[in-house]
Amino acid sequence: MNKQRPIMRVIVLTALVMIPVLLIAAPSPTGKPGSIERGRYVVKIAGCNDCHTPGYAEHDGHVPEKAWLTGDSLGWSGPWGTTYASNLRLKLAALSEAQWLQLAHTAQYRPPMPWFNLRAMSDGDLRAVYRYVRHLGPAGVAAPAYVPPGGAVATAVVVRFPVPPPTQ
């Protein structure tokens, strides 16, 4: 039995040494900064699909990836008028990576787009989103155009925001 102890000790020590090595070597589920995998991850956790993918929220995120980020005809209406989630697949197909970074850092869109979150993203995450969307390729049609306040809205469904209370 004493002869088996050194063997067991070697096995246990080898296992303990190998665990960190395997963890370091394992690919990150979120991918490297700037990678397509990272872009897919950021698109999912940042909520891009919630508005820019038709039916995504209503189907608990179970929409085929080939339909992701193609824009939506669901209008968002409030004091600013009526806005629509753009087709990011067409938008980013028309931009260089540098143009996308410039746009993302300076954009100030109408509600409900959280442009301030877009501005807060790191360049690595913005590059990853760009590369992921470009990887998907152009698809779909352009979303309906912005309608100013009081304008005629041609879409069937519109989400109406209440007028916010005055700030004090």
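In what order do the three strands of the open sheet lie, and with what kind of pairing? Select the strands and you will find the order β2-β1-β3, with mixed pairing, where strands count as paired if DSSP finds at least two bridges between them. Before going further, note that this is a predicted model, in which local features need pLDDT of at least 70, side-chain atom pairs count only at pLDDT 80 or more, and totals for chains, interfaces and linings use all residues. Residues are numbered from 1 along each chain as its sequence is written, and side-chain values use heavy atoms, with hydrogens and water left out.

**The sheet**

Stay with the strands and colour β2 (81-84) and β3 (158-160), which are the edge strands, each pairing on one side only. From one strand to the next the twist averages 30°, taken between axes that are lines fitted to C-alpha atoms, with angles running from 0 to 180 degrees between N-to-C directions. Next select β1, residues 75-78, which pairs with β2 in the antiparallel sense over four bridges; within this pairing, Ser77 has Thr82 of β2 as its bridge partner.

**The whole chain**

Now show the full cartoon, which holds seven helices and three strands, both being DSSP runs numbered from the N terminus (helices H or I, at least four residues; strands E, at least two). Along the sequence they follow the pattern α-α-α-β-β-α-α-α-α-β. Switch to a surface view: the accessible surface comes to about 11100 Å², and 63% of that area belongs to carbon and sulfur atoms, as given by the Shrake-Rupley method with a 1.4 Å probe. Of the 168 residues, 32% are buried, where buried means under 20% relative accessible area, exposed over 50% and partly exposed in between (1.4 Å probe, protein chains only).

**The nonpolar core**

Hide the surface and select Val43, Trp68, Leu69, Trp100, Leu126 and Tyr132, the residues with the most contacts inside the largest nonpolar core, which has 20 residues. Such a core is a set of buried Ala, Val, Leu, Ile, Met, Phe, Trp, Tyr and Cys residues joined through side-chain atoms within 4.5 Å. At least two residues of this core come from each of α2 (36-45), α4 (88-93), α5 (97-106) and α7 (123-136), and α7 supplies the largest share, six residues.

Centre the view on Val43, which, leaving aside residues up to four places away in sequence, touches Cys48, Asn49, Trp68, Leu69, Val129 and Tyr132; a contact here means heavy atoms within 4.5 Å. From Val43 move to Asn49, found in helix α3, which counts as buried at 1% relative accessibility. With the same sequence neighbours left out, up to four places away, Asn49 touches Val43, Lys44, Tyr56, Trp68 and Leu69.

**The aromatic rings**

Finally, display the aromatic side chains, among which there are five aromatic pairs; rings of Phe, Tyr and Trp (its six-membered ring) pair if their centres lie within 6.5 Å, and planes under 30 degrees apart count as stacked, over 60 as edge-to-face and the rest as tilted. One of the pairs is Tyr56 with Trp68, edge-to-face at 6.0 Å centre to centre and 90° between the planes. Tyr56 and Trp68 both sit in the loop between α3 (48-52) and β1, 12 residues apart, and both are buried. Another pair is Trp115 with Phe116, whose centres are 5.6 Å apart and whose planes stand at 70°, so this pair is edge-to-face as well. Phe116 is partly exposed, at 48% relative accessibility. End the tour by selecting Tyr56, Trp68 and Tyr132 together, since these form one aromatic cluster.
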